[in-house]
Amino acid sequence: MIWEVFRQEEPGDSHEHVGNVHAPDREMATLFARIQHARRMQTNSLWVTPRDEIGEVTAEEAAFGGRTDKSYRWAMTYNDIDASFAEEVADSESEQREAARKRREALREEENEA
Amino acid sequence: MSETPRPDTIDRRELSAEQQAAVEELLFRLADDEFVHAERLTEWQIYAPTLESDLAIANIAQDEFGHARLWYDLLKQLGYTEPECIWERDPTEWTHSLLVERPFDAGDWGDAVLRGYLYDVAERIRLEAVADTSYAPLADRVGKALEEEAYHREHATNWLERLTADDDGQARMQDALDDLFPAALSLFDPGPREDDIVAFGFRTESLAAMRTEWLETIGPSLEALGLAVPDPDEVAQSNGRGRYGTHTDAWHDLYDEVTATYREVDFETPVELRATEE
Amino acid sequence: MDLETVMERAGPREFGPGDELPEKYRKAATRMIQFHANSEVMGGYLDKTFTRKAPSLDRKLANTAKVQDEIGHAQLLYRAAETLDVKTRAEMLDELATGEGKFLNCFHYPVDSWYEAPMIDFFVDGGAMRRQATLKSTSWTPYAHAMDKVCFEEGFHVKHGESILRELMNGSKATQERMQETFDVWWPRILQFFGPTNDESVHDDFAQAVGLKTATNDELRTSFLNMYIPKAEKYGLEIPEYPRIYERDDGTMAVREDDLDWKEFWTISRNEYEGSTEQIGSRRRRQDAVEWVRESLETWESSAGPTPQTAD
């Protein structure tokens, strides 16, 4: 049975997928995961979960709604409004700009491949 | 998908008066259905059974509004303005089907799910029927809408499967089906220029053929879930209501609510929020 | 961990589900996050009204996206609250429907016009965002994680709200007057959004001592006034004479608390205001109406269920 392993580096971080281990049950999986995925990397916590229990959404499925114009849900669209008056609004806008750029690039790559 | 129109397609500048009228009818049918369907779906926001299902139905509503906008934008290319398409258009000129204007009874999630299913299957069929349209500007946009529709159908069928799994849910879904089915058939009612729409190749399938495909798709699926699909010949006929602009009172009430602010504030033009960064 | 250790260690993202924390901490954190989550849901009851009333197709789209985000925030927050092992999400949602759950004062006032959209979407959301930004450094890590995502999204909400305000204040004279009237009604409620002055606040001392809260009501209100009064004035709104706002020696602004209706505020905080009854009643009826769906899903989960639970 395959168990997927998620590692949290520091307290407060999210757990990130780092790999998997073969093990007959949860206890053995935690035993193996510690060695395989935490023996060198700083680790605050590890999670293991049966691979079969993971549901996956593919890139194609996640791109639903990717091609109609959904600018209305991004802060940058409101470009007649100045966000700089409040740091948190400006931060949010720059995070959104970055996320939108990544999404656009991914879509473009997908289109080029198609 | 190619952005280059097929050689035998018609550009909007080449449309004859007859052709333009037919294209407009086709576009308004598409756009009005999407707009009114979306408007009703937003009634579920905050009211859906769980937080997760709330997020999902909201997304579907947004997609449908977005599709309405795709088609209204094509009408704008033909000289219409947003107020002429929506805000100042007489409610008796709207050509959406009777299915989408029905108000939801409180808690009738079965209606939301089943209406979504009946509508989304019809939408796939009619989008596929315009995929090879002779009207070039329309052809470019069909793919975008079809992509989003796959999620809608998955959403509807997943819910149908789960809700019909117990007796209470099954009974509710049957009630919803009996209620919605006659109105759903009006999705395939012709408008005054239906013959032209097909003759000019704006749509490559007749409404009759699409209706048959729809019945052949939804029938077996719903029956497999233990639901009895009414005989289309034995349900109350819409008598051309909907597509010819005759609507139920529920539509007129909805229209008044939707346009109330617009009528009051008297802005010069409705605000557009479109992509600013590429 | 005893309370003393908690206070000693208290800092940004210091504690998480792996820590054994005293009940007092877990209860205080649950109360705070549940209040926040409830407010996201109940704010939706107001914001939803604006979707139907929006005067352009794109505004309608923006509004429905905004309401969707708020429900998304509620989803994140109830989960963050659940990680404290005090209450389940179902319990918290039940409490909200029965009137036991508490939420922000501004969401106890039903709305019925588009002029109110910027009150909620710009001023209230702007205030909320001020507070949420400081909660990125709360000591309960799952709460901080939720705030990361919430703050990422909120920038759109505030700009969307300001854009609506700007459009209305560029409208006809009649529209501007309606806007000013609406502002006059909402302004005191917005000032009370940050709660009473620090010494009157019931739960705050403890929440700050254990790092759950990182800014005082007073600090938040002051910074909000410094940022949002100029915005209101920029668009031509007049700040009402009462409640009086004055400048302190250091140049920051403050409100004369005696000018605010604290009786109404405390009635609201007990869910006993007439608007509370209306909003909570609506919540309860809507939740009850779809109870059958949740039951149906539970039946499905326990029988035909997706994948059977793996044995330990």
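1. A helix here is a DSSP run (H or I) of at least four residues, numbered from the N terminus. Keep that in mind as you look at this predicted model. Just past helix 9 of chain B sits Gly226(B), with a positive phi of about 90°.

2. Let's check the length of that helix. Helix 9 of chain B covers residues 207-224, which makes 18 residues, and at 1.5 Å a residue the expected span is 26 Å; its end C-alpha atoms lie 26 Å apart, so the two agree.

3. Now for its two sides. Leu207(B), Met210(B), Trp214(B), Ile218(B), Gly219(B) and Leu222(B) are the buried residues of helix 9 of chain B. Viewed down the helix axis, these buried residues fall within an arc of 155°, so they line one face. Turned away from that buried side are the exposed residues Ala208(B), Glu216(B), Pro220(B) and Ala224(B).

4. What do the buried residues of helix 9 of chain B pack against? Their partners are helix 1 (17-41), helix 5, helix 6 (136-163), helix 7 (167-185) and helix 8 (194-199) of chain B. Trp214(B) is a nice one to click on: beyond its neighbours within four places in sequence, its contacts include Leu118(B), Val121(B), Phe181(B), Phe188(B) and Gly219(B).

5. Finally, zoom out to the cores. The largest nonpolar core has 186 residues, and Tyr72(B), Trp109(B), Trp214(B) and Phe123(C) have the most contacts inside it. Helix 5 of chain B (residues 109-129) gives the most to this core, with twelve residues. A second core, separate from that one, has seven residues, among them Val5(A), Ala23(A), Ala29(A) and Val48(A).

Key
Residues numbered from 1 in each chain as written. Chains lettered and ligands numbered in written order. Predicted model: local features only at pLDDT ≥ 70, side-chain atom pairs only at ≥ 80, totals over all residues. Heavy atoms only, no water. Core = buried A, V, L, I, M, F, W, Y, C linked by side-chain atoms within 4.5 Å. Buried < 20%, exposed > 50% of the residue type's maximum accessible area, 1.4 Å probe, protein only. Helix = DSSP H or I, 4+ residues; strand = E, 2+ residues; numbered from the N terminus. Contact = heavy atoms within 4.5 Å. Expected span 1.5 Å × (residues − 1). Arc of directions from axis to C-beta.
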